[in-house]
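Take a look at the sequence and the 3D structure below. We will walk through the fold step by step.

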Amino acid sequence: MKQTWNADQYVNHASFVAEHGIPVLELLAPKSGERILDLGCGDGALTKEIEKYGVSVHGVDSSPSMILAAQERGLSAEVMSGDELTFNNEFDAVFSNAAIHWMTNVDAVLSSVYNSLKNDGRFVGEFGGYGNVSVLVNAMQTVFESHPEFGEFINPWYFPKAEIYKKKLQEAGFKIHFIELIPRPTPLNSGVRKWLNIFSGGITKNLDAQQKDDFLNEVEHLVKPNLLINGTWVADYVRLRFSAQKI
Ligand code: BEZ
């Protein structure tokens with residue numbers, strides 16, 4: 001399912017995504033002089049942080065508007081889909097934060113990453129793991145089911161269990177150093193409607209303006225008892241963090 005991005009909206013209301021990527025960057029531990037690929041770099045906020053380690057970093061993302069935003073930060077970046085990377089034995093490490101759950105062609109992504117890495121290269125990342133935003137996903141599905149005119153609800157995300165992704169990594173030729181599911185309730189300072197506006201664009205792309213408004217109102221109503229905590233919206237994020245190596 002195609003998700004279209006508005007890079008400005010993302011910068012203003014989803015900057016927490018890059019902020020939460022810092023521990024993953026520490027797990028990557030870039031070494032000066034290395035060549036690193038940022039897979040699903042988005043607007044490049046975290047790519048810019050990687051650069052500070054004195055490495056040569058290149059970003060790829062399937063969204064042209066995100067790549068434009070990354071290039072405007074002065075980064076080397078290009079539009080490329082994670083399942084069709086064109087690199088061969090080029091990178092010391094592939095890094096990815098909050099992007100792999102959008103890449104549902106899982107085996108193709110893993111073999112693409114494998115081919116991009118030099119021998120012994122690291123693949124370090126974090127994305128949505130099993131149970132991620134399940135309150136939100138269940139509510140969106142419920143709203144679709146109560147409105148047959150909305151069409152079929154198609155979940156665009158891949159949120160695997162740690163054991164499943166570990167097996168996938170091993171089958172693709174990686175040795176696993178670390179893999180763990182980490183619950184991380186995440187405050188949504190711009191509210192749940194904004195979150196839905198930014199991230200559920202693919203799900204609601206066939207709805208007209210009125211239907212989209214109904215969708216937002218009803219999802220908000222359904223999730224409120226679980227996600228509005230002492231006046232702050234808190235999304236039920238669960239991360240899958242991993243560190244692997246090409247063997
Ligand atoms: C995530 O980062 O886990 C995520 C973001 C948007 C939609 C779904 C998941």
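In which sense do strand 5 and strand 10 pair, and over how many bridges? This is a predicted model, and in it the two strands run antiparallel. Seven bridges join strand 5, residues 117-128, to strand 10, residues 238-246. Look for E126 along the way: R241 in strand 10 stands opposite this residue.

Now turn to the helices that pack on the sheet. Helix 6 covers residues 106-116. Helix 6 touches strand 1 (35-39), strand 4 (91-97), strand 5, strand 6 and strand 10. Its direction makes about 140° with that of strand 5.

Next, the sheet as a whole. Seven strands form it, and the sheet is open. Read across, the order is 3-2-1-4-5-10-6, with mixed pairing. Which strands stand at the edges? They are strand 3 (76-79) and strand 6 (174-183). Each has a single partner strand, so one side of each has no neighbour in the sheet. From one strand to the next, the twist averages 15°.

Helix 5, residues 64-72, also packs on the sheet. Helix 5 touches strand 2 (56-61) and strand 3. The direction of helix 5 makes about 170° with that of strand 3.

Finally, find S200. This residue lies in the loop between helix 9 (191-199) and helix 10 (209-227). Is S200 buried or exposed? Its relative accessibility is 1%, so S200 counts as buried. What does S200 contact, leaving aside neighbours within four places in sequence? The contacts are Q3, M140, W195 and F215.

Notes:
Residues are numbered from 1 along each chain as its sequence is written. This is a predicted model: local features need pLDDT of at least 70, side-chain atom pairs count only at pLDDT 80 or more; totals for chains, interfaces and linings use all residues. Side-chain values use heavy atoms; hydrogens and water are left out. Two strands pair if DSSP finds at least two bridges between them. Helices (H or I, at least four residues) and strands (E, at least two) are DSSP runs, numbered from the N terminus. Axes are lines fitted to C-alpha atoms, for helices over the stretch in contact, and angles run from 0 to 180 degrees between N-to-C directions. Contact means heavy atoms within 4.5 Å. Buried means under 20% relative accessible area, exposed over 50%, partly exposed in between (1.4 Å probe, protein chains only).
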